[in-house]
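Student: Can you walk me through this one? I have the sequence and the model open.

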Amino acid sequence: MRGGHAEIVGAGFGGLVAAIGLADRGWSVRLHEARDSLRGEGYGIAIHQNMARIFSAFGLLERILAGGMKIGRRDSMDAHGNVVLSRKTERSAYRIDRQHIITLLAERAREAGADICFQSKVKSAAPDGSITLQDGRQCRADLVVAADGVNSLIRDSLGLLKRRIWGKDGGVRVTIPRLPAEIAADEHVGTVMVEAWADRRRVLYCPVTKSTFYVLLTCTVSDLAARATPIDPDIWARSFPTMRDLFVRVRAQADWPQARWDRFQTIRLRRWSSGRVALLGDAAHAMAPYLAQGAGHAMMNALGLAVALQEAPSLDAALDRWESKERPLTEHTQRWTRIYGTTMLLPEVLKRASIRVEKQIPWIAAQYVRTANHLPTGCAASDSVAPSGRAASPGEGLRPQNEM
């Protein structure tokens, strides 16, 4: 197809990458963002090989990595602060603040010619390529890309939802300032990502900038005391007594008006498109964060869509080709992230065993890292730059890392 005009709804990872991919291929692009500015949701993200390849293809990788932290090791702990398993983070080493990435993607989209409109709320889209804004105005396009989140109004207006699978758990993600002693320790003991499990609760924290910690707290839906926000440090310290000081800091320093506890869910659609409307990101394939690939799939599928439109003879052919190529891997990740997440619900002795299982059963480890190692559609072998900043070897593996 020759380039046409695209209206994109949602300026998150998927929407911005779609804007870049389409604009680079000759499309005129207008991107609608309902909020008054670009926001990265106030927490961090793990950069895996697949994501690094997309950033490299866009010429952004070095600038993105420069704004983050390289993590030296990952420690899995029990409720009493004992390290069950410590692993050197040889690959997927970088943790980056999401706002930093969003800002650079938006800059790149504008350079490609995309127009980003703020406080532009889209309430519905029609298969003929028309969108209706909240103020009643309508816009028409050759393609509408709906990347408007897990509660997508466009998806629901088109009747594409097949199944919403609610998880038994959820979490809240925040950032807090690091202490001077923690910053100084980077030079002596290295940077560490800590993950601890106890009583069906989970804590994960690590630096995402020199001065900022990212903290993720998860618990079951029925654990009303733990899921309350702002958190109660005493409640969390009952499960993780050695982390009481951390919970006190989280309570006092997190930006609670911008934070919320979200129940994890999986979204599956009948189709990823209807007429001239294509869906991607959480609107099409939301997943729990345990394999750190929600943003990865949003970006991969967005770039894959742009490539399919460039290569196929018609819009219908492009959308069919795109879904048949990208959807199997997406659903593989949804399935395995739910498997990984079930470890939270296991008895303590089985939790310890599950933490070690990736070393004991290589096939399982391969399923966890399949997406992280993937070469996205639209990226060449020359884009295979490891997140450590060195060239990646063919078939290089990545351990599962949790969403940031």
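Tutor: We can take strands, then loops, then surface charge.

Student: What should I know before reading values off it?

Tutor: This is a predicted model, so local features need pLDDT of at least 70, side-chain atom pairs count only at pLDDT 80 or more, and totals for chains, interfaces and linings use all residues. Residues are numbered from 1 along each chain as its sequence is written, and side-chain values use heavy atoms, with hydrogens and water left out.

Student: Ok, strands. Which faces of β10 are covered?

Tutor: Both faces of β10, residues 130-133, are covered. Ser-130 and Thr-132 are buried on one side, and Ile-131 and Leu-133 are buried on the other. Buried means under 20% relative accessible area, exposed over 50%, and partly exposed in between, with a 1.4 Å probe and protein chains only. Strands here are DSSP runs of E with at least two residues, helices are runs of H or I with at least four, and both are numbered from the N terminus.

Student: What does β9 do with β10?

Tutor: β9, residues 122-125, pairs with β10 in the antiparallel sense over three bridges. Two strands pair if DSSP finds at least two bridges between them. Ser-124 has Thr-132 as its bridge partner in β10.

Student: And how many bridges join β10 to β11?

Tutor: Three bridges join β10 to β11, residues 138-140, and the two run antiparallel. Ser-130 stands opposite Arg-140 there.

Student: What sits between the strands in those hairpins?

Tutor: The hairpin of β9 and β10 has four residues between the strands, and Gly-129 takes a positive phi near 95°. The hairpin of β10 and β11 also has four residues in between, with Gly-136 in the turn at a positive phi of about 100°.

Student: Different sheet now. What is the order of the strands in the open one?

Tutor: The open sheet of three strands runs β3-β7-β4, with antiparallel pairing. Its edge strands are β3 (44-46) and β4 (69-70), each pairing on one side only. Two bridges join β4 to β7, residues 94-97, and Lys-70 stands opposite Tyr-94 in β7.

Student: Any positive phi outside glycine? Say, what is phi at Asp-199?

Tutor: Asp-199 has a positive phi of about 50°. It is found in the loop between β14 (192-198) and β15 (201-209). Asp-199 is exposed, at a relative accessible area of 52%.

Student: And Ala-292, buried or exposed?

Tutor: Ala-292 is buried, with a relative accessible area of 0%. Its phi is near 60°, again positive in a residue other than glycine. The loop that holds Ala-292 lies between α10 (282-285) and α11 (294-311).

Student: Where is the cis peptide bond?

Tutor: The cis bond joins Thr-229 and Pro-230, with omega about -5°. Pro-230 is in the loop between α7 (224-227) and α8 (233-239).

Student: Last topic, arginines. Where is Arg-87?

Tutor: Arg-87 is in strand β6, residues 83-88. At 5% relative accessibility, Arg-87 counts as buried.

Student: And Arg-338, which helix is that in?

Tutor: Arg-338 lies in helix α12, residues 315-341. Arg-338 is partly exposed, with a relative accessible area of 38%.
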